[in-house]
Amino acid sequence: MHTIIMVEFILYLVIMLVVGYLVSRRSKSHADFLLGGKQLPGWALAFSERATGESAWLLLGYTGFVFATGLSGIWVAFGIASGIVFAWLFLAKRFMKEAEKTGALTLPGYLAYRFGKHGKIILWLSTILIFSFMMFYFGAQIAGAGKTLLAVFNIPTKVGAVLSVIVVIILAYVGGFVTVVWTDMIQAIMMLVTLVVLPIVALVKISAADLSISQALVAAGPSMDSWTGGAIGFSVGLLLFNNFAWFFGFLGGQPQLSARFMALRSKKEANQGSFVAITWTILAYGGAFMIGITALTLYQGQAFGDVEMVLPYMILDLMPPWIAGILLAGILAAIISTADSQLLVITSSVSEDIIRHAMNMNLSEKKLVAISRLTIVAAGIVGLVIALTSKSLVFLVVSWAWAGVGCTLSPAVILTFFWKRYSGIGVIATIISGFVSTVIWISTPLDAIATSRFTTFFIAAACGIVFSLLFPDKKYEDSKAGQESTILETRASSSLEVN
């Protein structure tokens with residue numbers, strides 16, 4: 001059985017590497033390497049954005065979370081789906097327009113352009129923020145790959161992690177953004193097949209065995225059959241909000257996702273992408289939730305040493321070998337698609353934001369691409385070390401990174417887009433307060449009471465607003481003074497006319 005699955009795994013990896021090599025020949029400049037040169041169709045970018053946004057944490061972390069918590073796990077899916085829909089409908093086109101207008105290749109680069117006087121400080125702070133948290137996010141993906149290979153082939157976790165890092169580095173190294181997007185598209189489809197097919201098969205088996213999902217939930221624990229996790233009063237609101245709080249990280253602050261919006265070519269492509277992304281999200285999260293629930297029903301009373309291995313266990317248990325190999329490859333697809341995008345985000349922060357702009361180093365396109373590739377290798381090695389030394393669950397590590405990056409930069413994006421009085425000092429205050437509050441929050445028991453995904457967003461937003469009001473940009477003050485002068489002149493003119 002494992003021989004068939006191993007052959008399919010290897011075949012999948014070979015296909016990814018071949019596709020990556022073939023499309024890599026399109027990447028000519030540094031801009032192509034980081035953002036694809038605005039040559040990618042909207043539907044491909046949508047698949048890539050979804051494959052990048054959903055990683056080992058969805059197939060391993062979220063399915064395990066639902067298995068451990070029951071019906072109340074639905075609110076995580078609801079929060080995430082709401083954030084994805086909002087981002088595609090209300091932010092994607094704005095990102096596309098701003099990228100065209102400013103020529104920015106990265107999210108930090110865009111913020112620095114908008115607040116030019118403080119641009120270099122913004123670039124440095126954004127890079128420190130992204131590198132600090134994104135490395136742990138990347139490490140979580142590699143840890144998930146190690147877990148999967150251990151569960152399927154009994155390959156030692158460390159060996160599996162090393163093999164996974166090698167594949168991820170090669171894909172990101174050879175062709176940059178273009179390679180990542182096209183391989184992401186294939187991986188997004190594979191992920192969707194896994195998340196849709198498996199719960200259907202599980203429901204058929206539950207029906208054939210005359211099992212009851214409702215009875216299994218009751219037997220699993222006193223709160224498992226409750227949509228509120230058994231909480232009452234204020235605790236209900238806190239539970240729902242903590243799970244829904246994933247929403248705030250989707251409001252433009254995840255640079256690996258916003259890059260896909262910036263790469264869009266037209267409104268038509270954006271609308272096309274919105275339909276693909278939203279449809280994918282509904283099917284994928286509905287399927288992931290049902291996998292957790294059906295696993296509870298099928299494996300009543302069975303103890304799992306690691307609940308995040310429920311999905312691989314189900315696949316091996318319910319599927320014939322040749323199908324199991326394809327579905328298990330979907331897990332590896334989720335990991336690779338997110339990991340290589342995270343490497344590109346880290347790379348763009350170093351080569352584009354710091355070396356090219358913050359340090360004003362006038363290097364050739366060839367040298368910038370070379371630096372990007374060296375950064376990919378170095379970051380991949382650091383991420384591997386994190387994966388091998390971290391003992392936390394994938395779900396938990398991703399949650400921290402989501403707060404640190406997404407819920408810090410999302411307020412900066414929203415305020416930049418929709419509030420004219422947002423200032424450069426306000427952006428700096430947003431980034432610093434988001435970084436510090438996340439570190440403090442996840443290091444204390446406070447995170448178990450109110451998630452850092454919520455507190456980081458509102459602390460960062462509040463600091464950004466307060467410091468913008470206290471330290472407005474000169475251009476706003478000049479504009480305000482000009483408006484007041486115009487009003488006074490108009491009043492004076494009206495007064496003379498009356499006299």
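What follows is a walk through the fold, surface, interior and charge pairs of a predicted model.

Start with the overall picture. The protein chain is built with 20 helices and 0 strands. It runs to 499 residues, and 56% of them are buried. Looking at contacts between residues at least 6 apart in sequence, 85% bring together residues that are at least 24 apart. On the outside, the accessible surface adds up to about 19900 Å², with carbon and sulfur atoms accounting for 70% of that area.

One stretch of that surface deserves a closer look. Met-6, Ile-10, Val-14, Val-18, Tyr-21 and Leu-22 make up a nonpolar patch of about 530 Å². Of these residues, Ile-10 sits in helix H1, which covers residues 2–24. Ile-10 is classed as partly exposed because its relative accessibility is 45%, a value that falls between the 20% limit for buried and the 50% limit for exposed.

Turning to the inside, there is some empty space to account for. Rolling a probe the size of a water molecule over the atoms is a way to see where such space is left. In this model the search turns up 2 cavities of 30 Å³ or more. The largest cavity has a volume of about 140 Å³. Its lining takes in 17 residues, and those nearest the centre are Pro-255, Ala-259, Leu-344, Val-345 and Ser-348. Three helices each give at least two residues to this lining: H6 (107–114), H11 (255–262) and H14 (321–358). Helix H14 provides the largest share, with 6 residues.

Helix H6 is also home to Pro-108. With a relative accessible area of 2%, Pro-108 is under the 20% cut-off and so counts as buried. Setting aside neighbours within four places in sequence, the contacts of Pro-108 are Ile-122, Leu-123, Ser-126, Ile-130 and Asp-353. Pro-108 can also be placed relative to Leu-409, a residue 301 positions away along the chain: the two C-alpha atoms are separated by 9.0 Å.

Further along the chain, helix H19 (residues 452–470) offers another view of the interior, beginning with Ser-452. Ser-452 counts as buried because its relative accessibility is 0%. Apart from neighbours within four places in sequence, Ser-452 is in contact with Ala-403, Trp-441, Ile-442, Asp-447 and Phe-457. Thr-456 lies in H19 as well, and a relative accessible area of 0% puts Thr-456 in the buried class too. Not counting residues up to four places away in sequence, Thr-456 touches Ala-403, Cys-407, Thr-408, Gly-434, Ser-437 and Thr-438. Ala-403 therefore turns up in the contact lists of both Ser-452 and Thr-456, where contact means heavy atoms within 4.5 Å. As for Val-439, its C-alpha atom is separated from that of Thr-456 by 9.6 Å, with the two positions 17 residues apart along the chain.

That leaves the charged side chains. Side chains of opposite charge can pair when their charged atoms come close. The count here is 4 salt bridges. One of them joins the side chains of Glu-49 and Arg-50, with an N to O distance of 2.7 Å. Both partners are tucked away from the surface by the accessibility criterion: Glu-49 is buried at 2% relative accessibility, and Arg-50 is buried at 0%.

Another salt bridge pairs Glu-98 with Lys-101, at 3.5 Å from N to O. These residues are 3 apart in helix H5 (residues 74–102), so about one helical turn separates them. Their surroundings contrast: Glu-98 is buried, with a relative accessible area of 5%, whereas Lys-101 is exposed, at 59%. The pair also belongs to a wider arrangement, since Arg-94, Glu-98 and Lys-101 are linked in a network of salt bridges.

The side chains of Arg-265 and Glu-269 form a salt bridge as well, again listed at 2.7 Å from N to O. Here Arg-265 is partly exposed, with a relative accessible area of 36%, while Glu-269 is buried at 14%.

Technical notes
Residues are numbered from 1 along each chain as its sequence is written. This is a predicted model: local features need pLDDT of at least 70, side-chain atom pairs count only at pLDDT 80 or more; totals for chains, interfaces and linings use all residues. Side-chain values use heavy atoms; hydrogens and water are left out. Helices (H or I, at least four residues) and strands (E, at least two) are DSSP runs, numbered from the N terminus. Buried means under 20% relative accessible area, exposed over 50%, partly exposed in between (1.4 Å probe, protein chains only). Accessible areas come from the Shrake-Rupley method with a 1.4 Å probe; for residues, only the protein chains shown count as cover. Patches are made of residues with over 30% relative accessible area and no salt bridge: like charges are joined within 9 Å, nonpolar side chains (Val, Leu, Ile, Met, Phe, Trp, Tyr) within 5 Å. On a 1 Å grid over the protein atoms alone, a cavity is a set of points where a 1.4 Å probe fits but cannot get out, and a pocket is an open set with protein on both sides within 12 Å along at least five of seven lines; lining residues have an atom within 4 Å of a point. Grid points are joined across faces, edges and corners, and a volume is the space filled by probe spheres set on the points.
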